[in-house]
Amino acid sequence: MAAAPVTPPPASADDELVYESLPCIRVYKNRVERYFGSEFVPASTDAAATGVASRDVVISANVSARLYFPRLGDAAKLPILVYYHGGGFCIGSAFNPIFHAYFNAFAGLATALVVSVEYRLAPDHPVPAAYADSWDALTWVVSQSSHLASSSAAAGDGDRDPWIAGHADFSRLYLGGESAGANIAHHMAMRAAAEGLGHGARIRGLVMVHPYFLGTDRVSSDDLSPETRESLASLWRVVCPSSTAGDDDPLINPLVDGAAPALASLACARVLVCVAEGDVLLDRGRAYYDRLRASGWPGEAEIWQAPDKGHTFHFMDPCCDEAVAQDKVISDFLNR
């Protein structure tokens with residue numbers, strides 16, 4: 001399933017190199033070169049393997065999504081997962097082969113309707129553009145509910161997506177993502193706490209896989225790869241150049257003193273945090289889980305750890321025992 005990055009060309013001498021993380025990306029002062037994650041595969045029906053159908057929707061001038069629908073009969077009502085891909089806010093796509101293959105398999109396993117969101121990437125569109133786009137996607141999904149649309153005189157059947165309006169169980173609305181996508185999912189739930197989703201919609205839960213959080217405080221997992229830890233800090237400064245707080249910007253460190261809204265207001269009833277033993281971000285994910293439980297938030301938090309695995313290992317080795325187990329944990333979380 002995982003496509004190998006292409007071998008990058010030698011660095012150019014005609015522009016100032018600002019950041020690189022090979023073999024994935026180079027950021028120059030005046031341009032960005034991406035070598036991984038932008039490959040496109042069309043939507044399709046995975047008839048032979050899973051029976052999952054997919055198709056693409058345009059939400060706005062800046063936002064689109066790929067929907068995945070496991071065909072279980074016309075009357076089926078399914079949990080709906082709004083998913084934000086990772087990639088450090090600067091690489092990746094909802095339409096690339098890795099995510100397409102993953103969600104064909106996962107939607108079939110979980111019998112869930114998945115909305116995989118395509119948002120604008122930094123540094124071409126610096127953070128907070130990704131958050132704005134992700135919010136637009138979430139509010140669009142909520143607007144597709146047949147129950148919500150029927151209460152609006154301006155809404156008609158032609159305005160609603162048939163898969164979402166016909167098959168999404170909005171009492172089981174989940175947000176999720178891996179790495180930077182988990183960061184986005186968190187901030188969408190915090191914005192929902194501050195502003196509401198409208199129409200009485202509520203987020204049932206969050207799925208946070210290997211979340212990309214930082215902080216100026218040192219944690220033990222930083223020592224798994226000091227070079228990677230520093231690269232992640234440098235990356236944040238590149239994708240969010242307006243930040244003046246660095247690693248303690250509340251956007252990248254939701255546990256920092258003074259972060260608002262307070263963690264206790266997280267607008268969901270359940271949270272699943274998945275971490276990996278060999279991931280430099282391991283202890284950031286664990287700290288999020290611990291602080292959430294201690295914050296006074298009234299929901300139910302769970303944590304699951306993959307032994308001997310690194311960051312987003314499940315995309316690179318989707319058939320390994322740990323990836324299969326992680327998918328099962330997430331599937332079970334969505335279905336209870």
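Analyst: Axes here are lines fitted to C-alpha atoms, for helices over the stretch in contact, and an angle between two of them runs from 0 to 180 degrees between N-to-C directions. In this predicted model, the axes of H1 and H9 come within 9 Å and cross at roughly 50°.

User: Why are H1 and H9 called oblique to each other?

Analyst: Angles under 35 degrees count as roughly parallel, over 145 as roughly antiparallel and 65 to 115 as roughly perpendicular, with the rest oblique. The crossing of H1 and H9 is at roughly 50°, a value that falls in none of the three named ranges, and the two helices are therefore oblique. In handedness, the crossing of H1 and H9 is right-handed.

User: Which residues make the contact of H1 with H9, and how do they divide into nonpolar, polar and charged?

Analyst: From H1 come Tyr 102, Phe 106, Leu 109 and Ala 110, and from H9 come Asp 327, Lys 328, Ile 330, Ser 331 and Leu 334. These residues divide into 6 nonpolar, 1 polar and 2 charged.

User: Across which strands does H9 lie, and at what angle to S11?

Analyst: Helix H9, residues 321–334, lies across S7, S9, S10, S11 and S12, and runs at about 175° to S11. Set against the limit of over 145 for roughly antiparallel, the angle of about 175° makes H9 roughly antiparallel to S11. On the H1 side, the helix of residues 97–110 lies across S4, S5, S6, S7, S8 and S9, at about 35° to S6.

User: How do you know that S11 and S12 pair?

Analyst: Pairing needs at least two bridges between the strands, and S11 and S12 have 7 bridges in the parallel sense, so the requirement is met. As one example of a bridge, Cys 274 has Trp 304 in S12 as its partner.

User: What makes S4 and S12 edge strands of their sheet?

Analyst: The open sheet has 9 strands in the order S4-S5-S6-S8-S7-S9-S10-S11-S12, with mixed pairing. S4 (45–46) and S12 (300–306) each have a single partner strand, so one side of each has no neighbour in the sheet.

User: How is the sheet of S1, S2 and S3 arranged, and which strands stand at its edges?

Analyst: This open sheet of 3 strands has the order S1-S2-S3 and antiparallel pairing. S1 and S3 stand at the edges because each has a single partner strand, leaving one side of each without a neighbour in the sheet. Neighbouring strands are turned by 5° against each other on average, with direction ignored. S2 and S3 pair over 3 bridges, and Ile 25 stands opposite Arg 34 in S3. Helix H6, residues 226–239, lies across S1 and S2 at about 130° to S1.

User: Why does the pair of Glu 195 and Arg 191 count as a salt bridge?

Analyst: The limit is 4 Å between a side-chain nitrogen of Lys or Arg and a carboxyl oxygen of Asp or Glu. For Glu 195 and Arg 191 the N to O distance is 3.1 Å, so the pair qualifies. Both residues lie in helix H5 (180–195), 4 residues apart, about one turn of the helix, and the structure holds 22 salt bridges.

User: What is the omega of the peptide bond that joins Ala 122 and Pro 123, and what is notable in phi of Thr 111?

Analyst: The bond between Ala 122 and Pro 123 is cis, with omega about 0°, and Pro 123 lies in the loop between S8 and H2. Thr 111, in the loop between H1 and S8, has phi near 45°, a positive value in a residue other than glycine.

Terms used
Residues are numbered from 1 along each chain as its sequence is written. This is a predicted model: local features need pLDDT of at least 70, side-chain atom pairs count only at pLDDT 80 or more; totals for chains, interfaces and linings use all residues. Side-chain values use heavy atoms; hydrogens and water are left out. Contact means heavy atoms within 4.5 Å. A crossing is left-handed if the near helix is turned anticlockwise from the far one by less than a right angle, and right-handed if clockwise. Ala, Val, Leu, Ile, Met, Phe, Trp, Tyr, Cys and Pro count as nonpolar, Asp, Glu, Lys and Arg as charged, and the others, Gly among them, as polar.
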